[in-house]
Amino acid sequence: MPRLLVITEGSGPRLYELRLGSNRIGRSPQNEFPIPHPTISTFHCELVLSEEGVMLNDMGSTNGSFVGGQRVGSQKLTEGQSIRLGDVELRIENTEIRVSIPKFANPELPAPPVLNANGSMLCQRHPQSAVSHRCTRCQEVMCPACVHRMRRRGGQIILLLCPLCSQPVEPLGGPEQPQKKSLITRAGESIRRAFRAKTRPPRH
């Protein structure tokens, strides 16, 4: 951070560390940098520290703020530049401001599934098993061992859920379609229903 060096003897502490924002200088102890010198006003000036550097703003002082021998109301300061407040001389050291930007690690993406010799995909979590299901939401592929199974209360339906986002999964190739019954199967079922209806005892 930039520093303010007090050159004039007998003017208090010799070195001030500037902080971001306003740094007020004056005789009053309410200033960030109080300098108890009779030629300095109660609230003499402020040094504003920002990413763009250091700016001096006079606060209506009686004896003025001078940069390079010229009285100024507002002036951007550079490294090594001397300023005078009343009869007190100061110098700016190191106006370079370093802003620390935190580094965020990129989240690691899951490894792509491994292809088997026959072209089928192997599960990245169970390399010995082939991929069989895909999540309907996050599109994660998985083997049967990865699928979370949950049975609905009071029912026989088992839900197949994704281990990552808990959304439904479906077999690769889309949802399973009910197989159509052959003509012979349908005929056999009709015969069995008719037989059960004939052998059912009559109601009284």
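Me: Opposite which residue in E11 does Leu-85 stand?
Reply: This is a predicted model in which local features need pLDDT of at least 70, side-chain atom pairs count only at pLDDT 80 or more, and totals for chains, interfaces and linings use all residues. Residues are numbered from 1 along each chain as its sequence is written, and side-chain values use heavy atoms, leaving out hydrogens and water. E10 and E11 are strands (DSSP runs of E, at least two residues, numbered from the N terminus; helices are runs of H or I, at least four), and four bridges join these antiparallel strands. In E11, the residue opposite Leu-85 is Val-88.

Me: Which residue in the turn of the E10 and E11 hairpin has a positive phi?
Reply: Two residues lie between E10 and E11 in this hairpin. A positive phi, of about 60 degrees, belongs to the turn residue Gly-86.

Me: Which side chains along E10 point to one face and are buried?
Reply: Buried means under 20% relative accessible area, exposed over 50%, and partly exposed in between (1.4 Å probe, protein chains only). The side chains of E10 alternate, and Ser-82 and Arg-84 point to the other face and are not buried. The buried side chains on one face are Ile-83 and Leu-85.

Me: What is the bridge partner of Ser-65 in E10?
Reply: Strand E7 (residues 65-67) pairs with E10 in the antiparallel sense over three bridges; two strands pair if DSSP finds at least two bridges between them. In E10, the partner of Ser-65 is Leu-85.

Me: Which residues touch the most other members of the largest nonpolar core?
Reply: A nonpolar core is a set of buried Ala, Val, Leu, Ile, Met, Phe, Trp, Tyr and Cys residues joined through side-chain atoms within 4.5 Å. The largest core has 21 residues, and the elements giving two or more residues to this core are strand E1 (3-6), strand E5 (45-50), E6, strand E10 (82-85) and strand E11 (88-93). A second, separate core of ten residues includes Val-131, Val-141, Cys-162 and Val-169. In the largest core, the residues that touch the most other members are Leu-4, Ile-25, Leu-47, Leu-77 and Leu-90.

Me: What is the order of the open sheet formed by five strands?
Reply: The pairing in this sheet is mixed, and its edge strands, E4 (33-34) and E9 (74-77), each pair on one side only. Strand E6 (residues 53-58) and E9 pair in the antiparallel sense over four bridges, with Leu-56 opposite Gln-75 in E9. The strand order is E4-E3-E5-E6-E9.

Me: What is the order of the open sheet of three strands?
Reply: This sheet has antiparallel pairing, and its edge strands, E15 (141-142) and E18 (169-171), each pair on one side only. Two bridges join strand E14 (residues 133-135) to E15, and Arg-134 has Val-141 in E15 as its bridge partner. The strand order is E15-E14-E18.

Me: Is His-37 buried or exposed?
Reply: His-37 is placed in the loop between E4 and E5. A polar contact (N or O atoms within 3.5 Å; within protein, one able to donate a hydrogen and the other to accept it, with sequence-adjacent residues counting only if both atoms are side-chain atoms) of 2.8 Å joins the side chains of His-37 and Thr-39. With a relative accessible area of 15%, His-37 is buried.

Me: What percentage of the 204 residues in the protein do buried residues make up?
Reply: The secondary structure of the protein comes to one helix and 18 strands. The share of buried residues among its 204 residues is 28%.
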